[in-house]
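I opened my notebook to look up two topics, cysteines and contacts with DNA. My entries follow the display.

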There are 2 protein chains.
Amino acid sequence: MRALAVEDDPRIAADLAAALDAAGFRTETCADGQEAWFLGDTEAYDLIVLDLGLPGMDGLSVLKRWRAAGCETPVLILTARGSWQERVEGIEAGADDYLPKPFRMEELVARARALVRRSAGRGGALQEAGPLTLDTNRMTVALRGVPVAVTAQEYRLLAYLVLHRDRVIAPTELLEHLYGDDDAREVNALEAVIARLRRKLGAGVIETRRGFGYALEGLTP
Amino acid sequence: MRALAVEDDPRIAADLAAALDAAGFRTETCADGQEAWFLGDTEAYDLIVLDLGLPGMDGLSVLKRWRAAGCETPVLILTARGSWQERVEGIEAGADDYLPKPFRMEELVARARALVRRSAGRGGALQEAGPLTLDTNRMTVALRGVPVAVTAQEYRLLAYLVLHRDRVIAPTELLEHLYGDDDAREVNALEAVIARLRRKLGAGVIETRRGFGYALEGLTP
DNA sequence: TGCGACCTGACAGCAAGCTGACAGCACCCG
DNA sequence: CGGGTGCTGTCAGCTTGCTGTCAGGTCGCA
């Protein structure tokens with residue numbers, strides 16, 4: 001974890017760095033707004049601690065510029081105690097959290113950890129298997145990068161195959177999964193779906209293992 | 001956006017609900033820890049405001065149980081002023097933010113909004129998605145820069161779609177978040193709102209993914 | 001060659017979704 | 001208090017296009 005502490009008071013800056021380092025961060029410090037903006041924009045930090053009172057450029061402006069530039073690093077701002085307008089302003093500008101000064105280092109560390117934990121909890125929605133890419137968020141399918149329109153049923157079938165791309169799936173298993181136990185269908189319904197999919201994806205993508213079931217392209221027999 | 005306010009003082013609870021409702025939330029209240037735990041565990045909220053001093057079950061225990069049960073709803077806790085141990089404890093227990101009592105309703109609302117945005121991994125108060133711009137402070141909508149007048153319900157629906165713009169949203173999910181569990185509506189109510197929105201925004205902005213749900217104008221067909 | 005497993009084009013049924021009309025209701029304003 | 005106004009859910013009728021079925025074909029294997 002790499003952190004940036006933007007703080008003009010050298011003593012506080014040192015304390016910040018020490019506390020964050022003790023918490024497992026690799027912390028760099030910076031005392032000037034202009035430089036902070038440059039660093040935040042060019043370097044890849046996991047967390048930025050930003051003091052609002054700064055020489056060079058106002059902390060709030062720095063924050064707004066980062067957000068405007070598409071920087072999504074979690075930012076924790078330090079504000080003067082009691083000025084709730086400033087906090088609200090900071091949050092509106094895109095801060096993820098604030099801490100009123102003076103504060104306990106324990107609290108800073110707790111919040112910093114929580115912030116990083118939270119920002120890390122996304123991604124992984126793209127499932128790839130051979131030439132196929134499934135976006136499980138948008139429910140879309142791409143073949144060699146080219147989007148392919150599929151229906152709900154087709155998507156469900158593909159998703160199941162992709163999820164179990166390392167083995168052969170028996171027709172009965174697919175039937176069980178695609179249709180509830182209460183509205184079971186015949187095998188032919190499945191074959192129809194597969195035929196339609198093959199027409200869209202090309203013949204080779206879904207392979208038939210005669211007598212066993214179906215598998216995605218590239219699985220060795 | 002659906003919110004739960006857990007607060008035993010009925011006056012404060014009413015104030016909370018009023019402020020959050022004015023900010024575009026559908027707020028339910030609850031005065032008891034046990035009940036709060038049950039609600040948070042079973043219902044789908046976008047935000048929970050939790051007072052730590054509660055009858056029935058201690059607020060911190062409620063929070064811990066939620067987290068232990070895998071509930072990831074952002075939680076904003078209300079603490080007594082000055083007790084920083086309590087705050088740290090709260091954050092360690094999985095709270096996403098805290099507010100010391102007494103507080104300004106403006107600040108609560110600002111933090112609530114920020115929390116909801118952050119939980120979806122997004123920054124500022126201006127939410128952009130394709131041709132749409134939502135100002136979550138003023139609760140206004142613009143299409144390609146041109147302001148569009150929308151009703152409260154329409155705004156809520158759009159806000160939810162914009163917040164989760166990278167996903168397809170199932171009708172049931174929208175129903176859950178637009179209406180409380182106690183005044184549930186039929187799917188058709190939703191379709192009516194969407195039809196009215198499309199008349200204002202044009203046909204392409206809200207896409208229908210037949211069999212899955214709705215999504216904002218995206219890249220893939 | 002024969003049999004069973006599997007494929008596929010056509011088609012109809014049907015459910016998902018859309019829309020215009022309407023009525024209940026909350027709210028606003030005189 | 002009372003009428004007007006605008007929001008919103010319900011209803012009914014409609015469109016759309018997904019999807020299972022069927023019938024007939026092809027393929028692989030013994």
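Entry 1, cysteines. I looked up Cys30(A) and found it buried, at 4% relative accessibility. Buried means under 20% relative accessible area, with a 1.4 Å probe and protein chains only. Cys30(B) is buried too, with a relative accessible area of 3%. This is a predicted model, in which local features need pLDDT of at least 70, side-chain atom pairs count only at pLDDT 80 or more, and totals for chains, interfaces and linings use all residues. Residues are numbered from 1 along each chain as its sequence is written, chains are lettered from A and ligands numbered from 1 in the order written, and side-chain values use heavy atoms, without hydrogens and water.

I then looked for disulfides (pairs of cysteine sulfur atoms within 2.5 Å), and the structure holds 0 over all chains. The sulfur of Cys30(A) is too far away for a bond, because the closest cysteine sulfur, in Cys71(A), is 14 Å from it.

Entry 2, DNA. Which residues are the closest to DNA strand C? They are Arg198(A), Thr208(A), Arg210(A), Arg198(B) and Thr208(B), among 18 that surround the strand. Near means that a heavy atom of the residue lies within 4 Å. Of the strand's atoms that come within 4 Å of the protein, 58% belong to sugar and phosphate. I noted 4 nonpolar, 6 polar and 8 charged residues in the surface near DNA strand C.

Entry 3, single contacts. A side-chain N or O atom of Thr208(A) is 2.7 Å from a phosphate oxygen of DNA strand C. A polar backbone atom of Gly211(A) is 3.0 Å from a phosphate oxygen of the strand. For Arg210(B), I found a polar side-chain atom 3.0 Å from a base nitrogen of DNA strand C.

Note on methods: Polar contact = N/O pair within 3.5 Å; in protein donor to acceptor, adjacent residues only side chain to side chain. Nonpolar A, V, L, I, M, F, W, Y, C, P; charged D, E, K, R; others polar. Buried < 20%, exposed > 50% of the residue type's maximum accessible area, 1.4 Å probe, protein only.
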